[in-house]
Amino acid sequence: MRDEFPDFRLGKVLPTSFTATLTERRGNAVERIPVPQRLADWLAVNGLAVESCTIAQLELARELRESIHAALTAAAGQENLPASAVRVINDRSAQGRAAAILTPEGNRQWRLSSASCVEDALGVIAADAISIIAGERDGKLALCASPTCRAVFFDTSQSRTRKWCDMNTCGNRQKKARFNANKRP
C-alpha cells in the first residue's frame with residue numbers, strides 16, 4: 001500500500017467495504033481511492049486482483065460505489081431504491097464476467113475472466129450488493145450512528161443492534177466525545 005494515502009477500511013462484506021472507500025460523507029470526506037492504482041490496490045486486497053486500472057475505469061468504480069451507497073442507504077431506511085442506482089448496479093453486474101470457484105479450504109472465491117479487467121471485478125461487487133439488498137444474506141442493513149459518517153454497514157451481530165460502522169473509528173470517536181462532555185463542569 002502507498003503510505004501517502006489513507007488506509008482502507010476493510011470489512012467482511014464486499015459492497016459495504018467498497019462504499020467505505022469514501023468515508024465521512026457528512027463531514028470532511030476522505031477519498032481512499034483517489035487514483036486508478038489505488039483502486040487496483042483495493043481490489044487486490046479484496047481478492048479481485050487486476051493488472052491495471054485506467055481513469056475511465058476508476059470513474060466507473062466511483063459511479064458504482066455511489067449507486068451502491070444510495071441503494072443500501074435506501075434499503076436500510078426501508079425506502080424505495082433509487083431507479084438510477086438500481087440501473088447502474090444492474091448494468092455493472094451484467095457486464096462483469098466472473099465465476100465463483102470453490103477453494104480447497106471450502107471457501108468461495110471469485111475468478112475474473114481476465115486478470116486485468118476492472119469491469120469484471122466491479123461486476124462481482126455489484127452482484128454481491130444485489131444479494132444483500134435482495135435480502136438473500138443473513139444480516140441487517142443499518143446506518144452508522146455517527147452524524148458525520150452515516151455509512152451503511154451490514155450488521156451480522158446476534159442481536160442485530162450494532163450502532164457503528166466501525167467501533168475503532170466512529171464508535172470510539174463518539175464514546176470519546178461523550179466521555180469528554182461528561183467531564184466538563
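These notes cover three helices, one proline and one aromatic pair in a predicted model.

1. Helix α3. This helix takes in residues 55-76, 22 residues in total. At 1.5 Å a residue the expected span is 32 Å, and the end C-alpha atoms lie 31 Å apart, so the two figures agree.

2. Burial along α3. The buried residues of α3 are Q57, L58, A61, R62, L64, R65, S67, I68, H69, A71, L72 and A74. An α-helix has 3.6 residues a turn, so residues three or four places apart point the same way. The buried set in α3 includes L58, A61, R65 and I68, and polar or charged names such as Q57, R62 and H69 are also among the buried residues.

3. The residue after α3. Q78, just after the helix, has a positive phi of about 55 degrees.

4. P36 and its contacts. P36 belongs to helix α2, which covers residues 36-45. Its relative accessibility is 17%; because buried means under 20%, P36 counts as buried. Beyond its neighbours within four places in sequence, P36 is in contact with C53, T54, I55 and L58. Of these, L58 is itself buried in α3, and I55 falls in the range of that helix, residues 55-76. The C-alpha atoms of P36 and C53 are separated by 5.2 Å, with the two residues 17 apart along the chain.

5. The aromatic pair. How many aromatic pairs does the model contain? The count comes to one. That pair is F18 with W42, and its geometry is tilted: the centres are 5.2 Å apart and the planes make an angle of 50 degrees. F18 sits in helix α1 (residues 14-19) and W42 in helix α2, so the pair ties together parts that are 24 residues apart in sequence.

6. Burial of the pair. Are the two partners buried or exposed? F18 has a relative accessibility of 0% and therefore counts as buried. W42 is likewise buried, with a relative accessible area of 0%.

7. Helix α5. Residues 118-133 make up this helix of 16 residues. The expected span, at 1.5 Å a residue, is 22 Å; the end C-alpha atoms are 23 Å apart, which agrees.

8. Enclosure of α5. Twelve of the 16 residues are buried, so α5 is largely enclosed by the rest of the structure. The buried residues are V118, D120, A121, L122, G123, V124, I125, A126, D128, A129, S131 and I132. Two aspartates, D120 and D128, are included in that list.

9. The residue after α5. G135 follows the helix and has a positive phi, near 80 degrees.

Conventions: Residues are numbered from 1 along each chain as its sequence is written. This is a predicted model: local features need pLDDT of at least 70, side-chain atom pairs count only at pLDDT 80 or more; totals for chains, interfaces and linings use all residues. Side-chain values use heavy atoms; hydrogens and water are left out. Helices (H or I, at least four residues) and strands (E, at least two) are DSSP runs, numbered from the N terminus. The expected span of a helix is 1.5 Å times one less than its number of residues. Buried means under 20% relative accessible area, exposed over 50%, partly exposed in between (1.4 Å probe, protein chains only). Contact means heavy atoms within 4.5 Å. Rings of Phe, Tyr and Trp (its six-membered ring) pair if their centres lie within 6.5 Å; planes under 30 degrees apart count as stacked, over 60 as edge-to-face and the rest as tilted.
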